[in-house]
Amino acid sequence: MRKHTRTDSLLMIVRALLLFVPLMLCTPSRASAYADPGTGAFMYQAAYAAFLGGSFYLRKLLDRFWHKRKAAPKQSQLLGSR
């Protein structure tokens with residue numbers, strides 16, 4: 001195994017600073033926020049859609065788990081009995 005040297009530690013700190021400093025300079029110092037009255041309705045709609053979508057996904061997942069799907073018809077049934 002390779003040991004971490006002092007230069008490796010210094011290099012890691014420099015890389016972290018090169019990532020962190022530009023991100024800090026891009027963020028605003030003060031955020032002024034405004035939410036119009038339609039925002040609350042949109043949040044309710046998003047939560048409702050997520051709940052319904054999740055419930056349909058969960059039902060499909062449980063159907064697969066418990067093998068409650070109908071079996072596919074056999075090839076002989078599709079062609080008719082000969």
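This passage describes the fold, the surface and some local features of a predicted model.

The protein has three helices and zero strands. Along the sequence, the pattern reads α-α-α. The protein comprises 82 residues, of which 1% count as buried. Its accessible surface amounts to about 8,900 Å². Carbon and sulfur atoms account for 66% of that area.

Helix H1 covers residues 6-26. The length of H1 was compared with the span expected from its residue count. At 1.5 Å a residue, its 21 residues should span 30 Å. The C-alpha atoms at the two ends of H1 are 31 Å apart, which agrees with that expectation. Burial was also examined along H1. Of its 21 residues, the number buried is one, so the helix lies largely in the open.

A nonpolar patch is present on the surface. It is formed by Ile13, Leu17, Phe20, Val21, Met24 and Leu25. Together, these residues have about 620 Å² of accessible area. One of them, Phe20, is found in helix H1.

The segment before H1 contains Thr5. The relative accessibility of Thr5 is 38%. Buried residues fall under 20% and exposed residues over 50%, so Thr5 counts as partly exposed. The Thr5 side chain also takes part in a polar contact. Its partner is the side chain of Thr7, at 3.0 Å.

Definitions and conventions. Residues numbered from 1 in each chain as written. Predicted model: local features only at pLDDT ≥ 70, side-chain atom pairs only at ≥ 80, totals over all residues. Heavy atoms only, no water. Helix = DSSP H or I, 4+ residues; strand = E, 2+ residues; numbered from the N terminus. Expected span 1.5 Å × (residues − 1). Buried < 20%, exposed > 50% of the residue type's maximum accessible area, 1.4 Å probe, protein only. Patch = residues over 30% accessible without salt bridge, like charges linked within 9 Å, V, L, I, M, F, W, Y side chains within 5 Å. Areas by Shrake-Rupley, 256 points an atom, 1.4 Å probe, with all protein chains shown as cover. Salt bridge = Lys/Arg side-chain N within 4 Å of Asp/Glu carboxyl O. Polar contact = N/O pair within 3.5 Å; in protein donor to acceptor, adjacent residues only side chain to side chain.
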